[in-house]
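Ready to practise reading a protein structure? Work through each exercise with the model open beside you, and try each task before you look at its solution.

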Amino acid sequence: MEKISSDSINITLSRVVYRNHVPSTYKWNGRDFNGFLYYVKGGHEFDFGNKTLVTKAGDFVYVPFGSVYNNRLTDPETEYYQIDFLLFGENGPCCLFDEARVVSGRKANDY
């Protein structure tokens, strides 16, 4: 994983939510926050145009600030925890990593 190169990290927590009733499809035209999602049940298929990620129960997902994507439920019983936050660099809000990523299995539990 990439390393944040900064003498200090300026982060603002926006919200922490548990979701269990979400639309079957959703479109983001530019995500307002960085996001961490942890799937308890079900999952999503994220379409970023040049990349598709499919999530499932037990996955930990990072979605970057400014991301444009569509997502679709892969299971109507999907449940997940979501943490939205802003990370600030020298020029304003920035991403923790350059692109979305899914961490599965034992490593997801570490997060």
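**Exercise 1. Getting an overview**

Task: Find what percentage of the residues in the chain are buried, and then describe the overall make-up of the chain.

Solution:
- Step 1. Start with burial: of the 111 residues in the chain, 36% are buried. Keep in mind that this is a predicted model.
- Step 2. Next, look for helices and strands. The chain has one helix and 10 strands.
- Step 3. Follow the chain along its sequence, and you will read β-β-β-β-β-β-β-β-β-β-α.
- Step 4. Now judge how compact the chain is. Its radius of gyration is 14 Å, close to the 13 Å that the globule rule gives for 111 residues, so the chain is as compact as a globular protein of that length.
- Step 5. Finish with the dimensions: along its principal axes, the C-alpha trace spans about 45 × 30 × 25 Å.

**Exercise 2. Ordering a sheet**

Task: Four strands form an open sheet; work out in which order they lie.

Solution:
- Step 1. Trace the strands from one side to the other. The order is β2-β7-β4-β5, with antiparallel pairing.
- Step 2. Look for the edges: β2 (25–28) and β5 (52–54) each pair on one side only, which makes them the edge strands.
- Step 3. Check the angle between neighbours. Ignoring direction, neighbouring strands of this sheet are turned by 15° against each other on average.
- Step 4. Zoom in on one pair. Strand β4 (residues 44–47) is joined to β5 by three bridges, and the two run antiparallel.
- Step 5. Pick out a residue pair here: D47 has T52 in β5 as its bridge partner.

**Exercise 3. A strand covered on both sides**

Task: Find which residues of strand β6 (residues 60–63) are buried on each of its faces.

Solution:
- Step 1. Recall a general rule: in a regular strand, side chains alternate between the two faces of the sheet.
- Step 2. Apply the idea to β6. F60 and Y62 are on one side, while V61 and V63 are on the other.
- Step 3. Check burial: F60, Y62, V61 and V63 are all buried, and both faces of β6 are covered.
- Step 4. Now find partners of this strand. Four bridges join β3 to β6, and these strands run antiparallel. Within this pairing, L37 has V61 as its bridge partner.
- Step 5. Another partner is strand β10 (residues 101–103), which runs antiparallel to β6 and is joined to it by three bridges. Here F60 stands opposite V103.

**Exercise 4. Charged pairs**

Task: The structure holds six salt bridges. Examine the ones made by D84 with R15, K41 with E79, and E45 with R72.

Solution:
- Step 1. Begin with the principle: side chains of opposite charge can pair when their charged atoms come close.
- Step 2. Take D84 and R15, whose closest N and O atoms are 2.6 Å apart. D84 lies in strand β8 and R15 in strand β1 (residues 10–19), so the pair ties together parts that are 69 residues apart in sequence.
- Step 3. Compare their surroundings. D84 is buried, because its relative accessible area is 0%; R15 has 32% and counts as partly exposed.
- Step 4. Look for further links: R15, R31 and D84 are joined in a network of salt bridges.
- Step 5. Move on to K41 and E79, with their closest N and O atoms 3.6 Å apart. K41 is in strand β3 (residues 34–41) and E79 in strand β8, so this pair ties together parts that are 38 residues apart in sequence.
- Step 6. Use the cut-off for buried, which is under 20% relative accessible area. At 17%, E79 is therefore buried, whereas K41, at 35%, is partly exposed.
- Step 7. End with E45 and R72, where the closest N and O atoms are 3.5 Å apart. This pair links distant parts of the chain, with E45 in strand β4 and R72 in strand β7 (residues 69–73), 27 residues apart. E45 is partly exposed at 27%, and R72 is partly exposed at 39%.

**Exercise 5. A patch on the surface**

Task: Find which residues make the nonpolar surface patch of about 270 Å².

Solution:
- Step 1. Locate the members: the patch is made by L13, V16 and I83.
- Step 2. Place one of them in its strand. I83 is found in strand β8 (residues 79–89).
- Step 3. Check its exposure: I83 has 33% relative accessibility, so it counts as partly exposed.

Key
Residues are numbered from 1 along each chain as its sequence is written. This is a predicted model: local features need pLDDT of at least 70, side-chain atom pairs count only at pLDDT 80 or more; totals for chains, interfaces and linings use all residues. Side-chain values use heavy atoms; hydrogens and water are left out. Two strands pair if DSSP finds at least two bridges between them. Axes are lines fitted to C-alpha atoms, for helices over the stretch in contact, and angles run from 0 to 180 degrees between N-to-C directions. Patches are made of residues with over 30% relative accessible area and no salt bridge: like charges are joined within 9 Å, nonpolar side chains (Val, Leu, Ile, Met, Phe, Trp, Tyr) within 5 Å. Accessible areas come from the Shrake-Rupley method with a 1.4 Å probe; for residues, only the protein chains shown count as cover. A salt bridge is a side-chain nitrogen of Lys or Arg within 4 Å of a carboxyl oxygen of Asp or Glu. Buried means under 20% relative accessible area, exposed over 50%, partly exposed in between (1.4 Å probe, protein chains only). The radius of gyration is taken over C-alpha atoms; the globule rule is 2.2 Å times the number of residues to the power 0.38.
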